[in-house]
Amino acid sequence: MVNTMAFNKNDSRSFLTEEHLLFKQSIREFLDKEAIPFYDQWEKEGEVPRSFWKKIGDNGFLCPWLDVEFGGVGADFGYSVVLAEELEMVGSALVGISIHSDVVAPYIASFGTIDQKQRYLPKFISGEMISAFAMTEPGMGSELANIQTTAIKKDGYYIVNGAKTFITNGFKADLLIVACKTDLDSVPSNDGISLLLIDKDTPGLTRGRKLEKAGQNSSETAELFFDDASVPVGNILGEEGKGLSYIMQKLQQERLMCAIGSLMAAKDMLHLTMNFIKGRKAFGKKISKFNNAQFTIAEIATDIQLGRTFVDGLICKHMNGENIITEVSMAKYWITEMSKRISEKCMQLHDGYGNMGDYKIARRHRDIPVTTFYTGSDEIVKTLIAKNIGF
């Protein structure tokens, strides 16, 4: 397997500087050496090894936006975009690294105490510590108001009971941010949600089986169980009862990251398919010369360009600190669905070879559907969009 997209030193997107492009070149060279040759094996083994997390941390690619006092370099969000794009170009199962670097770490950076930041963030940067965000529960889906995991304060501890599922990085995580109900009588019910920092060795925490999925095999997904798990009260993240507020504050970046990754997956599928049909023949001529193939490629390229223009504009607005949760939700919903459509078209153009497991397009086709559930299902995202536009 090789990287199908040549490095473009002339990437003209307005938010990218020369420093961003140098970072892009560095991480691509790193991934070409340390990830691409091993990715197929990771997929078979069902995990990205800890040794890779340590290597990517040692090379300075994790959480570069963090302040210098915690080991970062105070970089802007453009570096997070570059990291997410380059990881996605290798494969969707590396999404756990982006979640660690640009979803979990920002919660601690924004809402953690100085002690919590000093305890965890340097290890986030080095790759020594892997993190996960545990919100989804069995039977709950994406609806926060129905969280059943409870955390009751007693003798200097929160006693946590409940279960979480579909937790990316959950099987290997050293630190979990867990959404719990700390006020069982709150009205409305989601006002009583708090976030707890729970270490892997916490008494009462157990991990269930590593969940087998239809795609993204090397992205570990786990069940978590809390049976009178004892968590020191000092491990609360931010203020008690403010968990929903914190989640909503971070939702914009999470959904933007999802749109960025799905767009890169679509772009990769386009390049894979173009390269494939240029070398294939049917009825005595190359498939790329048939009108149907040309029309399909034109449609895919147009969708991707429209998505790219939309997302790049949102990245700039996000970097400027604008509130664009409605537009980002639109991008997340539309681009993940668009990528699903593109995967079907690309599979068709690969004919029988698209169904072969050793073809990257087959893996892309397996990996992309789950993205429509990231950061909220399509239905939940559409409900928020409708509400925010006054409907």
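For residue classes on this tour, Ala, Val, Leu, Ile, Met, Phe, Trp, Tyr, Cys and Pro count as nonpolar, Asp, Glu, Lys and Arg as charged, and the others, Gly among them, as polar. You're looking at a predicted model, where local features need pLDDT of at least 70, side-chain atom pairs count only at pLDDT 80 or more, and totals for chains, interfaces and linings use all residues. Residues are numbered from 1 along each chain as its sequence is written, and side-chain values use heavy atoms, with hydrogens and water left out.

**Stop 1: α1 and α3**

Select 18–34 (α1) and 50–58 (α3); helices here are DSSP runs (H or I, at least four residues), numbered from the N terminus. Their axes, lines fitted to C-alpha atoms over the stretch in contact, sit 11 Å apart at an angle of about 155°. That makes the pair roughly antiparallel (over 145 degrees, on a scale from 0 to 180 between N-to-C directions). Now show F30, L31 and E34 of α1 with F52, K55 and I56 of α3, which make the contact (heavy atoms within 4.5 Å). By class that's four nonpolar, no polar and two charged residues.

**Stop 2: α5 and α7**

Next, pick 95–111 (α5) and 243–278 (α7), whose axes come within 11 Å and cross at roughly 155°. These two are therefore roughly antiparallel as well. On the α5 side, light up S98, D102, V103, P106, Y107, S110 and F111; on α7, Y246, I247, Q249, K250, Q253, E254 and M257. The contact has seven nonpolar, four polar and three charged residues.

**Stop 3: the second largest pocket**

Stay with α5 and look for a pocket, an open set of points on a 1 Å grid over the protein atoms alone, with protein on both sides within 12 Å along at least five of seven lines. The second largest has a volume of about 470 Å³, meaning the space filled by probe spheres set on the points, which are joined across faces, edges and corners. Of its 25 lining residues (an atom within 4 Å of a point), select W65, P106, S110, K250 and Q253, the closest to its centre. α5 gives the largest share of the lining, six residues. The lining holds 10 nonpolar, eight polar and seven charged residues.

**Stop 4: the cavity**

Finally, go inside: a cavity is a set of grid points where a 1.4 Å probe fits but cannot get out. There's one of 30 Å³ or more, and the largest cavity has a volume of about 100 Å³. Select its lining: V48, W53, A93, L94, G96, I97, I130, N169, K172, S218, S219 and E220. Colour by class and you'll get six nonpolar, four polar and two charged.

Terms used:
Parallel < 35°, antiparallel > 145°, perpendicular 65-115°, else oblique.
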